[in-house]
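Trainee: I should like a close look at a single part of this model, the place where two helices pack together. Please then relate that part to the rest of the chain.

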Amino acid sequence: MSSVHPVPAEWAANAKINAERYESMYAAAANDPDAFWRKEAMRLDWMTPFTKIKNTSFHEADFGIKWFEDGALNVAANCIDRHLAERGDAVAILWEGDSPGEDRRITYRELHEEVCRLANALKANGVRKGDRVTIYLPMIPEAAFSMLACARVGAIHSVVFGGFSPDSLSGRIQDCDSTLVITADEGLRGGKKVPLKANVDEALAQCSSVSRVLVVRRTGGDILMKDGRDVWYHEAVAKASAECPAEAMSAEDPLFILYTSGSTGKPKGVLHTSGGYLVWASMTHEYVFDYRPGDIFWCAADVGWVTGHTYVVYGALANGATTLMYEGVPNHPDFSRFWQIVDKYEVDIFYGAPTAIRALMREGEEWVKKTSRKSLRLLGSVGEPINPEAWEWYYRVVGDERCPIVDTYWQTETGACMMTPLPGAHALKPGAASKPMFGVKPVIVDAEGKVLEGPTDGNLCITDSWPGQMRTVWGDHERFFQTYFTTYPGKYFTGDGCRRDEDGYYWITGRVDDVINVSGHRMGTAEVESALVAHAKVAEAAVVGYPHDIKGQGIYAYVTLNANETESAEVRAELVKWVRQEIGPIATPDVIHFAPGLPKTRSGKIMRRILRKIAEGDTSNLGDISTLADPSVVESLVTSRSVPA
Ligand code: PRX
């Protein structure tokens, strides 16, 4: 059992939320949500004030989720315009390029101009309110400009992470029928070029909806510009006016779609709307990070993921913060890079992923210790469970035992933080997501859906709506209901396992469905399986997660080749390359285990429980295998298992 770190006295005295305030605000949100959220929503500027607040039900008969439904606002105006009078010359975005020496500072006034110009350019290129725009960009300021310009004109953005393949990109463009794509010639990550425009060209061969591509010049690399379709971003914005009125949007009008993996089928287009999402993003950004005006806030996530949406862009800018955007990776040019950036900009709050912490930890303390980091006040963790060893290292080595760590648990679906310790209110237990945010009502249920009380272990559900909850799956409302509200009727099921300890702290124990979390990137095992079986040599595939020192979970693929194929190192390499091409480098299998047969029940169902145990190397107790069609398959898999060190 690792240690408990009590709330430091100065945090208890000075933080926005101390223990007492947490309890009273939590109770207020639970007991009178309308009153609580009426007050919190006033943190935003509304064009039409709302009179209705919470109108939600998780039950089939009257299912629906609406917040502030008769109010109107514009998200971009809230993130920019309203700060101009007082903070126009304050830096909104601090941008640090992939290699040291390249940076940009964008004030709120400059951000306003950039976003207005681009918003006008979008309109000039046919984008109207409600249209979908796909953004496939590296971590450059234009990514934030693009998101905000869409919000300004009422277009719905769909950001696709630059590490996805042309095929994945085209699937995401087709699913929401985007009419315009914003990309760059190439991306730069750790000194390596990413052929973004070439990927778009390949993707668009299958997408008829797209009539325009705006191309940011990032590297100046040689690319193809298709006549009549492709337009240089800098030329489009140069022609456009620097004034663009912000569209009045209903609170329930869509703001963005973000694709995420589930346990079945294709990735889902998670849809977030305008009012509730921004209230939730802004509120959590302020309270979870104890944000103070003037703080330099660095969320190290890519804008291709929800963490980047909510904390690099929307939550931070809604609060008038200076948000740091870093293009590169933690180990380029060396392992000190993160902490050198912290020193360069005197970062107050650093929010990163456990996988990066574990990778840096492996390289030793010196890389960290040779930097000062004295500006840091608070650290955060997100995306996957953080193991206590990595937590303690982060606390001791990076934070010099001075900075609390907020381990924030949430999902693409939840819009922003659902559970976390608050630095002024909660003693820290390494690895615990700790306590629910205001308005979040967690319960732990058993397999039958019975709510378990006290210290316990089971499946995590949320019993009532919060403002930043996703509203639907794009184009498939039925799938939304089926996926999240039918396993335990009347409750939102997170898909996560969870334990509650004797102090009422929550500990996320990982996914209980067929979703794996690789370096904080969420992946459906079914997606990797369908990529594998699409290969001509593969007859059958089953994919599971297994514990990985750096990535948290690695991808372990059992593959049965067609009868006339021979298992070899070449075929293995070919399959790994194939999956990278089909989905993207983030889906690279760590292990391909050739399996002459897979363990199946007599009715033909693959026994994943057994495959997981073998992948984990936990073969002493495989449970009952007598129901298998051919129990000898298990023995052969156990003896042929090999996991790279
Ligand atoms: O399993 C949980 C894990 O990541 C999943 C959500 O992934 P995604 O939608 O990509 O969003 C990640 C960024 C918010 C969750 O179902 N997860 C996320 N944060 C934590 C976590 N598991 C444990 N502790 C966390 N802090």
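**Helix packing and its surroundings**

Mentor: A brief remark on one turn of the backbone comes before the helix pair: in this predicted model, Gly-320 adopts a positive phi of about 70° just after helix H12. H12 itself, residues 306–318, is mostly covered, with 13 of its 13 residues buried.

The part requested is the packing of helix H6 (residues 108–124) against helix H7 (residues 141–153). Their axes lie 8 Å apart and make an angle of about 65°. The crossing of H6 over H7 is right-handed. On the H6 side the contact is formed by Glu-114, Val-115, Leu-118, Ala-119, Leu-122 and Lys-123, and on the H7 side by Phe-145, Ser-146, Leu-148, Ala-149, Arg-152 and Val-153. Sorted by class, this contact of H6 with H7 comprises eight nonpolar, one polar and three charged residues.

The helix pair leads directly to the interior of the model. The largest nonpolar core has 178 residues, and those with the most contacts inside it are Val-115, Leu-122 and Leu-148. H7 gives the most to this core, with nine residues. Apart from its neighbours within four places in sequence, Leu-148 is in contact with Ala-76, Cys-79, Ile-80 and Val-115. A second, separate core has 34 residues, among them Ala-531, Ala-595, Met-607 and Ala-615.

One of the residues named for the second core, Ala-531, belongs to helix H18 (residues 525–533), where Thr-525, Glu-527, Val-528, Glu-529, Ala-531 and Leu-532 are buried. The cover over the buried residues of H18 includes strands E29 (515–518), E30 (521–524), E31 (538–548) and E32 (552–561), together with helix H19 (569–582).

The domain assignment of the protein chain gives domain 1 as 78–87 + 107–244 and domain 2 as 519–640. Taken over C-alpha atoms, the centres of domain 1 and domain 2 are separated by 38 Å. Their contact takes five residues from domain 1 and six residues from domain 2. On the side of domain 1 that touches domain 2, the residues divide into one nonpolar, three polar and one charged.

Asp-230 lies in strand E12 (residues 230–232). Because 19 other C-beta atoms lie within 10 Å, Asp-230 is partly exposed. Leaving aside neighbours within four places in sequence, Asp-230 is in contact with Val-213, Val-215 and Met-225. Asp-230 and Leu-137 are 93 residues apart in sequence, and their C-alpha atoms are 15 Å apart in space.

Some details of the backbone remain. Most residues other than glycine have a negative phi, and most peptide bonds are trans. Phe-68, although not a glycine, has a positive phi of about 55°, and is found in the loop between strand E2 (64–67) and strand E3 (72–73). Phe-68 is buried, because 29 other C-beta atoms lie within 10 Å. Asp-177 likewise has a positive phi, near 50°, in the loop between helix H8 (166–176) and strand E8 (180–184). With 15 other C-beta atoms within 10 Å, Asp-177 is partly exposed. The peptide bond from His-332 to Pro-333 is cis, with omega near -5°, and Pro-333 is found in the loop between strand E17 (322–326) and helix H13 (337–345).

Methods
Residues are numbered from 1 along each chain as its sequence is written. This is a predicted model: local features need pLDDT of at least 70, side-chain atom pairs count only at pLDDT 80 or more; totals for chains, interfaces and linings use all residues. Axes are lines fitted to C-alpha atoms, for helices over the stretch in contact, and angles run from 0 to 180 degrees between N-to-C directions. Helices (H or I, at least four residues) and strands (E, at least two) are DSSP runs, numbered from the N terminus. A crossing is left-handed if the near helix is turned anticlockwise from the far one by less than a right angle, and right-handed if clockwise. Two residues are in contact if their C-beta atoms, placed from the backbone, lie within 7 Å. Ala, Val, Leu, Ile, Met, Phe, Trp, Tyr, Cys and Pro count as nonpolar, Asp, Glu, Lys and Arg as charged, and the others, Gly among them, as polar. A nonpolar core is a set of buried Ala, Val, Leu, Ile, Met, Phe, Trp, Tyr and Cys residues joined through C-beta atoms within 7 Å. A residue is buried if 20 or more other C-beta atoms lie within 10 Å of its own, exposed if 12 or fewer, and partly exposed in between; C-beta atoms are placed from the backbone. Domain bounds come from an automatic or database domain assignment.
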